[in-house]
Amino acid sequence: MKTRLILIVGLIVLPIAVVCNFPPTLQGAGADEKAVRDADEAWAKAAASKDVDKTVAFYADDAIVMPPNAERATTKEAIRKVWKDLLTDAQVSWKATKVEVAKSGDIGFISGTYEVTMNDIVTGKPVKDRGKYLEVWEKHADGSWKCAADIWNSDIPAAPASSASEKK
């Protein structure tokens with residue numbers, strides 16, 4: 001009976017002891033990944049609603065944004081201009097496909113896919129773009145996650161450049 005009691009207590013206490021002895025970063029990894037994923041989803045909703053201020057608020061103060069076919073933006077004002085120009089003429093959406101947080105618990109990344117619909121400058125007809133993105137997120141002292149680096153590019157091949165003979 002005593003052996004059976006020790007075995008039962010061991011089966012209950014051992015799993016609890018194992019869980020309690022994991023480093024805090026392993027215990028919180030799932031929570032951090034969820035927090036980063038949730039922040040990215042809220043960010044996508046802000047952009048879909050064309051709220052420039054809310055969209056820009058997801059960036060760290062020292063963030064770098066690298067939009068396609070444009071100069072990189074390294075200040076909040078430059079980042080705001082990128083988003084204002086984009087959201088004025090386009091409908092934007094994106095979805096994370098992979099979210100990872102470092103074991104340290106202070107940095108993570110998201111990769112995913114995006115879609116943009118905008119009116120063609122020449123024809124005025126809707127044009128759709130689709131591609132992929134990569135974001136680097138930092139955990140701040142207050143526990144919030146902010147995007148520190150953001151880059152995206154199209155899956156659609158670029159139109160071939162016209163040759164000099166075609167221009168004549």
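**View 1. A salt bridge joins the side chains of Asp32 and Lys139.** The distance from N to O in this pair is 3.0 Å. Asp32 belongs to helix 2 (residues 24-48) and Lys139 to strand 4 (residues 126-139), so the salt bridge ties together parts of the chain that are 107 residues apart in sequence. Asp32 is buried, its relative accessible area being 11%. Lys139 is partly exposed, at 33% relative accessibility. The model is predicted, and a search of the whole structure gives six salt bridges, this one among them.

**View 2. Lys81 and Asp85 form a salt bridge within helix 4.** The closest N and O atoms of the two residues are 2.7 Å apart. Both residues lie in helix 4, where a spacing of four residues corresponds to about one turn of the helix. Lys81 is exposed, with a relative accessibility of 51%; the cut-off for this class is over 50%. Asp85 is partly exposed, with a relative accessible area of 41%.

**View 3. The side chains of Lys98 and Glu100 are linked by a salt bridge.** The N to O distance is 3.1 Å. Lys98 is partly exposed, at 39% relative accessible area. Glu100 is also partly exposed, at 34% relative accessibility.

**View 4. Five strands make up an open sheet with mixed pairing.** The order of the strands across the sheet is 1-5-4-3-2. Strand 1 (59-66) and strand 2 (90-101) are the edge strands, each of them pairing on one side only. From one strand to the next, the twist averages 20°. Strand 2 pairs with strand 3 (residues 107-119) over 11 bridges, in the antiparallel sense. Within strand 3, Met118 is the bridge partner of Ala90.

**View 5. Helix 4 (residues 76-89) lies across four strands, namely strand 1, strand 2, strand 3 and strand 5 (145-154).** The helix runs at about 125° to strand 2. Lys81 and Asp85, the salt-bridged pair of View 2, are both part of helix 4.

**View 6. Tyr59 is a buried residue of strand 1.** The relative accessible area of Tyr59 is 1%. With neighbours within four places in sequence left aside, Tyr59 is in contact with Trp43, Val65, Lys76, Ile79, Trp83, Lys146, Cys147 and Asp150. The side chains of Tyr59 and Asp150 are joined by a polar contact of 2.5 Å. Cys147 is 88 residues away from Tyr59 in sequence, yet the C-alpha atoms of the two residues are 4.6 Å apart in space.

**View 7. The whole chain is shown for context, with five helices and five strands.** Read from the N terminus, the elements follow the order α-α-α-β-α-β-β-β-β-α. Of the 168 residues in the protein chain, 28% are buried. Among contacts with a separation of 6 or more, 53% are between residues 24 or more positions apart. The chain exposes about 11300 Å², and 61% of this area is supplied by carbon and sulfur atoms.

Methods. Residues numbered from 1 in each chain as written. Predicted model: local features only at pLDDT ≥ 70, side-chain atom pairs only at ≥ 80, totals over all residues. Heavy atoms only, no water. Pairing = 2+ DSSP bridges. Helix = DSSP H or I, 4+ residues; strand = E, 2+ residues; numbered from the N terminus. Axes fitted to C-alpha atoms, helices over the stretch in contact; angles between N-to-C directions. Contact = heavy atoms within 4.5 Å. Salt bridge = Lys/Arg side-chain N within 4 Å of Asp/Glu carboxyl O. Buried < 20%, exposed > 50% of the residue type's maximum accessible area, 1.4 Å probe, protein only. Areas by Shrake-Rupley, 256 points an atom, 1.4 Å probe, with all protein chains shown as cover. Polar contact = N/O pair within 3.5 Å; in protein donor to acceptor, adjacent residues only side chain to side chain.
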